[in-house]
Structure formats: structure tokens, C-alpha cells
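Trainee: Could you take one part of this fold and go through it closely for me? I'd like to see how the pieces around it are arranged as well.

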Amino acid sequence: MKRPIWSSLILLAGISILTASNATAADTIYQYDGSSPLLGDVSGYTKTELTLKRGATDVKIPANEIERVRWEGEPPQLNIARNQEQNGNYAAALEEYKKAEGSASPNLKKSLQYMIARATARSAKSNPAQLDNAIKLLDDFVKANADHFSYYPAMKLLGESQLAKKDYVAANSAFGTVERSPWKDYQMDAKNMKARVLLAQGNTKGALAAFETVAKMDGKTPGELANKHAAQLGSAICLEKDGKPQDAIKVLDEIIKNVSSSQSSLLAEAYLKKGDCYQALGESKEALIAYLHVDVLFPSEPAVHAEALYHLSTLWGKVQKPERGNEARAVLQQQYPDSEWTQKATKS
């Protein structure tokens with residue numbers, strides 16, 4: 001029996017769709033440099049590289065170049081969850097990550113373990129009550145996945161969480177592990193974080209020397225240049241703490257002028273510290289403008305945003321606009337109810 005032409009066309013279309021679906025069913029690697037995603041099958045990885053099989057070719061991708069991996073078969077809502085995390089909506093991201101755990105492939109389960117720990121650690125920056133949980137989740141991940149391509153990023157987050165907890169010995173140990181990674185940008189980052197430990201311990205001179213060492217290092221890649229700017233930011237913080245706010249402002253202005261807009265966390269802190277410097281100089285209007293930059297441009301940086309809102313809640317009154325101060329305090333209390341800055345605002 002001869003099949004009608006329209007029936008044959010439908011069958012061919014169905015075969016084409018299935019073939020296309022199978023052709024695109026693959027793991028996808030996204031890199032920090034913004035190049036086109038790489039599709040293939042991940043055949044293995046270590047803490048320093050990932051191997052992607054593309055036809056008969058094995059492509060080795062250094063772990064420090066991997067922004068994220070989209071595993072074959074992962075639920076589409078995870079892309080939304082990643083965006084939620086990127087935008088600072090950690091509760092929404094965590095909800096989706098945890099939903100996906102039950103039906104995840106082994107590779108995706110490991111990635112989800114890291115993403116849940118990462119989102120928890122980021123959330124803890126504005127909610128110290130979550131620090132213990134963040135430290136446990138990150139510690140569990142690095143102990144169970146010492147050969148995972150997210151090992152070093154997880155170790156850095158662990159150090160940052162321990163630093164926030166004021167466990168300086170543990171923080172230095174974690175940053176020391178990152179410093180022993182094979183990449184210069186990670187090594188520079190770890191040196192900056194060790195300088196932050198010195199700063200937190202009140203050793204401003206030691207911290208300044210450490211930051212200046214990194215700032216003087218050669219930087220060629222985007223990651224290396226970003227860490228040079230982070231070192232300059234650290235130096236500016238040291239100058240402000242050492243009673244030299246005008247010198248600090250000069251450094252901060254250079255950072256703001258030269259840093260890419262994609263480096264939101266660095267820029268947000270630069271504007272925050274600029275506000276601190278102007279407050280130290282008694283220049284309320286200029287401080288207000290600096291903190292407003294954080295509020296308007298970087299609300300997805302919760303720890304810095306919460307601190308800026310606190311300062312705005314007090315500074316608006318000094319320029320005869322107390323109602324704006326009340327608005328800033330209300331946003332602070334609504335968005336960051338567990339932040340130390342909310343508690344300070346409530347007491348003031």
C-alpha cells in the first residue's frame with residue numbers, strides 16, 4: 001500500500017526532529033572568556049582540567065577557565081536557578097537546586113552539591129546565621145570531591161566563609177591550598193585573601209604590604225588583571241583604616257575608572273569603601289552619592305548592598321531628606337532581615 005505524500009512528510013519531519021535532538025544531546029561547557037559553548041561528552045575530569053570528547057577528539061579544558069557545565073539531561077529550570085543565584089536570589093536558587101537532586105545523574109549530583117554549597121555561602125555573606133551550614137556544606141564537598149573541577153573554587157569559598165566566621169587559621173589554610181593551584185590568577189587571588197585575613201586581624205601594615213605585592217605582579221589574562229585590581233582595592237581599604245582617606249579615594253577612583261563593568265563585586269565594594277572614606281572626611285553628600293551607586297547598580301551583591309543601605313538610612317537625614325532614609329531602612333529590613341546591618345539600623 002502506497003503511503004500518502006503528506007504522511008511521508010510527517011514521518012520524515014519526525015525523524016529529523018529525533019536526529020537533531022540526539023545530535024544536540026550532549027554536555028555543554030561554558031567558559032569565562034565568553035567564547036562559544038563547547039558541546040561533547042565529558043569523559044573525565046580532575047581538579048585541574050576537564051576532558052571533553054568531541055567525536056574522535058579529546059579536548060582538555062583547564063578548570064580555571066570553566067564558568068559552568070550544563071550536563072546532558074539536566075532539567076531546564078536549572079538555568080533559571082543559576083540566573084537566580086547570579087542575581088542574588090539565593091533562596092529561590094537553592095529551592096530549585098534541591099528539587100533537582102533526586103533525579104540527577106551522578107555528574108549533575110556532584111555539581112548540585114557544589115552549587116548548593118556555593119549559594120549557601122553567598123547567602124551567608126548577608127546572613128551570618130548561615131555561616132556554619134555553609135562551612136559544613138563546602139567542607140563536605142571538598143573532602144568528598146578532591147578531584148573535581150570545582151575543587152579550588154569551593155576551597156576559596158570555604159576560606160571566605162571561615163574568614164567571615166573569624167576562624168583565621170582555617171581560612172589561611174584554605175587559601176594556602178588555593179595558592180598551591182597551578183594557575184597564576186588563582187595564586188594571586190589566594191594571596192589577596194591572605195592579605196584580607198591580616199586586615200581582619202588588625203595587621204594593616206602587613207596587609208598593605210601583601211596587597212602591594214600582588215598589585216605589582218604582572219597581569220595578562222582577565223583573571224590576573226582582576227586580581228591586580230582587587231589588590232589595589234585592598235590597598236585602598238588599608239589606607240582608609242590607616243587614616244589616609246584622601247589617598248584611598250584616589251586609588252578607588254582609578255579602580256572604578258579602569259575595571260570592567262562585569263566585575264560587579266569589586267566595583268560594588270570600591271563604591272562602598274569610597275563612601276566610607278568620604279564619611280571619614282565628614283563629607284556626607286559625597287558619601288551618599290557613593291553609597292547610592294551600590295544601591296542602584298549592585299543590588300545583586302547582598303553583603304555590600306546591605307551595608308550601603310544602612311549608611312543611606314543615616315546619611316539621608318544629614319541632607320534634610322529623612323523620608324529617603326526611612327525608605328532605605330525599610331528596604332534593608334525587608335531584603336536582609338538577618339544582616340548585622342539591619343540589627344544596627346534597628347538600634348540606631
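Mentor: Let's start with helix 6, which passes helix 7 in a left-handed crossing. Keep in mind as we go that this is a predicted model. Helix 7 covers residues 168-179, and the two helices pack at an angle of about 160 degrees with their axes 8 Å apart. Anything over 145 degrees counts as roughly antiparallel, so helix 6 is roughly antiparallel to helix 7.

Now for the residues that touch. On the helix 6 side you have Tyr151, Tyr152, Met155, Lys156, Gly159, Glu160, Gln162 and Leu163. Facing them from helix 7 are Tyr168, Ala170, Ala171, Ala174, Phe175, Thr177 and Val178. Sorted by class, this contact has ten nonpolar, three polar and two charged residues.

Helix 6, residues 151-164, has another neighbour in helix 8, residues 184-200. Here the axes come within 11 Å and cross at roughly 10 degrees. The cut-off for roughly parallel is under 35 degrees, so helix 6 runs roughly parallel to helix 8. From helix 6, the contact uses Tyr152, Pro153, Lys156, Glu160 and Leu163. Helix 8 answers with Tyr186, Asp189, Met193, Arg196, Val197 and Ala200. The class count for this contact is seven nonpolar, no polar and four charged residues. If you lay the two contact lists side by side, Tyr152, Lys156, Glu160 and Leu163 turn up in both, meeting helix 7 as well as helix 8.

What sits just before helix 6? The loop between helix 5 (131-144) and helix 6 holds Phe149, whose partner Trp71 lies in the loop between strand 5 and helix 2 (77-86). The two are 78 residues apart, so to speak a link between distant parts of the chain. Counting rings whose centres lie within 6.5 Å as pairs, the total is nine aromatic pairs. In the one formed by Trp71 and Phe149, the ring centres are 6.4 Å apart and the planes sit at 45 degrees, so the pair is tilted.

Trp71 leads us over to the sheet, since its loop follows strand 5. Five strands form an open sheet in the order 4-3-2-1-5, with antiparallel pairing. Strand 4 (57-62) and strand 5 (66-70) are the edges, each pairing on one side only. From one strand to the next, the twist averages 45 degrees.

Walking through the sheet by chain order, strand 1 (residues 27-31) and strand 2 (residues 38-45) pair over three antiparallel bridges. Asp27 has Gly40 as its bridge partner, and Ile29 stands opposite Leu38. Their hairpin has six residues between the strands, and in it Gly34 takes a positive phi near 80 degrees. Strand 2 then pairs with strand 3, again antiparallel, over four bridges. Tyr45 and Leu50 are bridge partners there, and this hairpin has three residues between the strands. Next, strand 3 (residues 49-54) pairs with strand 4 over six antiparallel bridges, one of which brings Thr51 to Lys60. Two residues separate the strands in that hairpin, where Gly55 takes a positive phi near 70 degrees.

For something to hold up against the first helix pair, try helix 3 (residues 90-101) and helix 4 (residues 106-124), whose axes come within 10 Å and cross at roughly 160 degrees. By the over-145 cut-off, that makes helix 3 roughly antiparallel to helix 4. The crossing is left-handed. Helix 3 contributes Tyr90, Leu94, Tyr97, Lys98, Ala100 and Glu101. Helix 4 meets them with Lys109, Leu112, Met115, Ile116, Arg118, Ala119, Thr120, Arg122 and Ser123. By class, the contact has eight nonpolar, two polar and five charged residues.

Definitions and conventions
Residues numbered from 1 in each chain as written. Predicted model: local features only at pLDDT ≥ 70, side-chain atom pairs only at ≥ 80, totals over all residues. Heavy atoms only, no water. Axes fitted to C-alpha atoms, helices over the stretch in contact; angles between N-to-C directions. Parallel < 35°, antiparallel > 145°, perpendicular 65-115°, else oblique. Contact = heavy atoms within 4.5 Å. Nonpolar A, V, L, I, M, F, W, Y, C, P; charged D, E, K, R; others polar. Left-handed = near helix turned anticlockwise from the far one by under 90°. Pairing = 2+ DSSP bridges. Phe/Tyr/Trp six-rings, centres within 6.5 Å; stacked < 30°, edge-to-face > 60°.
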